[in-house]
Amino acid sequence: MSSRAGAKGTWLFVLPVLVVLLWTVVYPNASIIVGSFEHGLRSWREFASSPTDREALRTTLVISIGSVIASVAVGLPLAFLLTRVEFRGRRLLSAVATLPAALPPLVGVVAFLFLYGESGVVTRGVQALLGLDHAPWTLNGAGAIIFVHAYTMYVYVFLFVSAGLERLDSSLDEAASGLGASRSLRLRRVTLPLLTPAIAGSMLLVFMSALGSFSAPYIFGGGLRVLSTQIVASKLNGAMDLAYVETTVLAVGAIAALILLRWFERRRTYAVSSKGSAVRSRLQSSTARALAPMLGAVLVVILVLPHAMVILVSFARDGAWTTQVLPPEYTLDNFRRLATDTDLWVPIWNSVSMTAIATALDIVVCFLAAYLLVLRRFRVRWLLAILVALPWAIPGTAIAIGLASTFDRNSLLGARVLLVGTFWILPLAYFVRGIPLVSSATEGSLRQMDPSLEDAARGLGASWWLTMRRVVLPAARPGLVAGAMLAGITAVGEFVASIVLFTHANRPISMEILSQLRNFAFGTAAAFSVVLIALVLAITLIARWAEGRWTRAEAVVIQ
Amino acid sequence: MSGATPHLALDRLTRRFSEARAAVDAVSLEIAAGELVALIGASGSGKTTTLRMVAGYEAPDAGAVVLDGRDITSLPPQRRQFGMVFQHYALFPHLTVGQNVAFGLEARGVTRTERMSRAAEALAGVGLAGAAGRPIQSLSGGEQQRVALARALVIEPPVLLLDEPLSNLDPTLRRSTREELRATLRRLGVTALFVTHDQEDAFAVADRVALLAEGRLLQVGTAELLYDRPANREVAAFIGRSTLVAGTLDGDRITVQLGGASRSLRAAVAPGVPSRGVATAVLRPDALAFSPPDGRDAWTGVVQERRFAGALLAYRVRVAGDVDLELHSTVRDVQPGDTVWVRVAREPVAVVA
């Protein structure tokens, strides 16, 4: 708002923020695109004519679209059920409905392996129940990947549509019914059209996530090739130029989806209403009343099962679980080893310290970026807005390849620093991946602040620093804490970029889980997964505590 | 202003948001120490932009803001030390009432004990003694307005700026609040510039009123001056109600012909109007009165509308094919359809170009 204060001071902040973002976000990705043309069009021709790459592209699209359909099929009805219908067990189901999002990507995949894999508990259980010779299914190929995606990504659809339904002006529905519209007509002509932006937005989000997904295809793909795994394979084979082409294709697809998403988000404003209170109706028929809690119970079990399974397996003795439905022997050894074997401490300490560094950087840079975006006017505002959103669209694999190809040597002229092979490359990757999370949450908080508050503080004689400390920062705090929490959770369980960039010395927990799995040390892998879940929980608690502590501190000053 | 240097002066302040039109166009205004001036105008007339330039939130493209003879145009808001009451009050939601009021003192490095006692004093001054510990969310609209006022006043500003301070209040509260506002500002002898779109607010609070339209200052003066001696048609039309009728001016008299009857009235001619020729007479409803039948100095017409307005009744009387006179009267027994005679009861009438 304040154009005067914006004149000179703003550039003092815009410049460093832009430099950091251009250097860490744009430069690596630009060097990928440049790298893909290193041999003219040769690498692109190679990509276009390679049957494996064509197959990878096709499979990626099939899996992404399949994931969108499956996520909508699960998330949309669940959102309607939980916002519109009252039944016994609704609160419990609501509480666990977003649980899959709290599962670090690799842990989710591991849990699915334990549950639905060829020797998984559910698979063996069904096999034993039906007296089959073979497993009734194999968790392999596109179907398996879509299944895992649906489990973790339906949460986007569920959250978007629930929020849309909560916001929906109930008087619109009442007006329609007052005009004689039946329930189905109201749904078709009023509710769904108003929800379209939310549904479309969440679909694009699922599409983007599925496009860049790495863990599920990596573990369950079998012989299947998708772009993200293909990139890592090309890099391992030393075909860097091909990896650059594949990365470019993947990133461009994801960015296109992001642009579409932003467009839908702008259109979504009309759904915001003056007063919206979703009214939950009680079920009319007695059959429905009896079925709903049962359906709810089944869903709750399905949702909780992966977490429960990881915890159960973490107590299983390594190597003892072979053909039985459930692990036959239980022990505390896995955790005991974790506590005593200092070698096993390394990945945990690595994940914690790298997460702390990355999140601290995110907080500083993204707070400034959000402050500039919301409260300042300057010429290249649009550029800053794009830069903070960009890492959201670019898949983790692409970010990692970009960093790997940029920070692979010291070059003053090229503004490059040798980070590959050092500890610092992973915190940098985590920092980049956290940027959109922290900045968008902080922006959200600052947008709720009345911009004249800043004017008021300065009009009362407050210096820039005092205004920041006493007015802007408190207004930004809820978003900053929430964003930092999300960034921390993402970083602590990060797998996709880590697998490209890690070294033995800075290996994070996710890489340790993978290597334990490869040694068939399921119990140890699960114990590490439990540690990861505990860390996620700890970050959540720290965020709550931070929010609460500040609020209390404020209350003390009041006296 | 005569004599001493004005306390606050706006010197040809100009602000353009686009090439085509200036949002504020060379506005000059002088405010004496202790004076309350209201800046009024329709929405989009540039009054808030003017206020924001005075406060320092908006930089003028041309012109200057002068305080006690010192050009402060380039000072940022925090160095002007003006108090400002924002339209939506801009109270810090995460601070208590007391902390809000004390904020400006905190910015000035006043010790905590002192700022708390001064905040309490300021709150008492606006009738909110003992409210210091309350959260902002617990306040009613009128209370919020008073906290905003206390917060602006506690820093003892040389000039107080108020941006639509009453527009968020319901009509009843608004009436009592503006009386309190005037009483408080008077008691403290504050110099104040306040923006409003509501002329009743302006008349009730301000010593002088400045009328803006499309970024230009049309007239400055007491409310009575603007009402009785509008500088031009726009002022006459914006301030109060009136019927503008064409007449022929000849020196200090204007002849107005309505229907068949031609009447000569004493004229108070606005500056710049040629002393002879066609001009416009401003007939205010309260300057008109019913006259006995066949009154020599009256126009005759038919009552079109009768509207009860409390102490008075508002009548609309058609005196010619296209002219309806609006008339306020305590006479109650006239009904629509009645034929009546209307005369000018208070002369001179204002004449504008």
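**Exercise 1. A residue in helix 13 of chain A**

Task: Place A:Val245, which is found in helix 13 (residues 240-267) of chain A, and decide whether A:Val245 counts as buried or exposed.

Solution. The model is predicted.
- Step 1. Take the cut-off: a residue is buried if 20 or more other C-beta atoms lie within 10 Å of its own.
- Step 2. Apply it. A:Val245 has 28 C-beta neighbours inside 10 Å, so it counts as buried.
- Step 3. List the contacts, leaving aside neighbours within four places in sequence. They are A:Ser36, A:Ser43, A:Trp44 and A:Phe47.
- Step 4. Turn to A:Leu383. It is 138 residues from A:Val245 along the chain, and their C-alpha atoms are separated by 25 Å.

**Exercise 2. Length and burial of a chain A helix**

Task: Test the span of helix 6 (residues 105-116) of chain A against 1.5 Å a residue. Then state how many of its residues are buried.

Solution.
- Step 1. The expected span is 1.5 Å times one less than the number of residues.
- Step 2. For the twelve residues of helix 6 of chain A this should come to 16 Å; the end C-alpha atoms are 16 Å apart, which agrees.
- Step 3. Twelve of the twelve residues are buried, so helix 6 of chain A is largely enclosed by the rest of the structure.
- Step 4. The buried residues include A:Pro105, A:Gly108, A:Phe112 and A:Tyr116.

**Exercise 3. Chain B as a whole**

Task: Describe the makeup, extent and domains of chain B.

Solution.
- Step 1. Count the elements: chain B has nine helices and 20 strands.
- Step 2. Take the dimensions. The C-alpha trace spans about 75 × 45 × 40 Å along its principal axes.
- Step 3. Check burial. Of the 353 residues of chain B, 45% count as buried.
- Step 4. Look at sequence range. Among contacts between residues at least 6 apart in sequence, 66% join residues at least 24 apart.
- Step 5. Split the chain. The domain assignment gives domain 1 (8-228) and domain 2 (241-352). Their C-alpha centres lie 39 Å apart.

**Exercise 4. Helix 1 and an open sheet of chain B**

Task: Determine how enclosed helix 1 (residues 47-55) of chain B is, and give the strand order of the open sheet of four strands.

Solution.
- Step 1. Nine of the nine residues of helix 1 of chain B are buried, so this helix is largely enclosed by the rest of the structure. Among them are B:Lys47 and B:Arg52.
- Step 2. Look past the helix end. B:Gly56 follows, and its phi is positive, near 100°.
- Step 3. Read the sheet. The order in chain B is 2-1-4-5, with antiparallel pairing.
- Step 4. Find the edges. Strand 2 (22-31) and strand 5 (70-71) of chain B each pair on one side only.
- Step 5. Inspect one pair. Strand 4 (residues 62-67) and strand 5 of chain B are antiparallel over two bridges. B:Val66 has B:Asp71 in strand 5 as its bridge partner.

**Exercise 5. Strand 7 of chain B**

Task: Work out which strands pair with strand 7 (residues 160-163) of chain B and whether its faces are covered or open.

Solution.
- Step 1. Recall the rule: in a regular strand the side chains alternate between the two faces of the sheet.
- Step 2. Sort the residues. B:Leu160 and B:Leu162 lie on one side, B:Leu161 and B:Asp163 on the other; all are buried, and both faces are covered.
- Step 3. Strand 6 (residues 83-85) of chain B pairs with strand 7 in the parallel sense over three bridges. Here B:Gly83 is matched with B:Leu160.
- Step 4. Strand 8 (residues 192-196) of chain B also runs parallel to strand 7, joined by four bridges. The partner of B:Leu160 in strand 8 is B:Ala192.
- Step 5. Trace the connection. The chain passes from strand 7 through helix 6 (residues 171-188) of chain B to strand 8, a right-handed β-α-β crossover.

**Exercise 6. The contact between the chains**

Task: Describe the side of chain B that touches chain A, by helices and by residue class.

Solution.
- Step 1. Count each side: 24 residues come from chain B and 22 residues from chain A.
- Step 2. Name the helices. Helix 2 (77-80) and helix 3 (97-107) of chain B each supply at least two residues. Helix 3 gives the most, with four residues.
- Step 3. Classify the chain B side: 13 nonpolar, nine polar and two charged.

How values were computed: Residues are numbered from 1 along each chain as its sequence is written. Chains are lettered from A and ligands numbered from 1 in the order in which they are written. This is a predicted model: local features need pLDDT of at least 70, side-chain atom pairs count only at pLDDT 80 or more; totals for chains, interfaces and linings use all residues. Two residues are in contact if their C-beta atoms, placed from the backbone, lie within 7 Å. Domain bounds come from an automatic or database domain assignment. Two strands pair if DSSP finds at least two bridges between them. A crossover is right-handed if, with the strands pointing away from the viewer, the path from the first strand over the helix to the second runs clockwise. Ala, Val, Leu, Ile, Met, Phe, Trp, Tyr, Cys and Pro count as nonpolar, Asp, Glu, Lys and Arg as charged, and the others, Gly among them, as polar.
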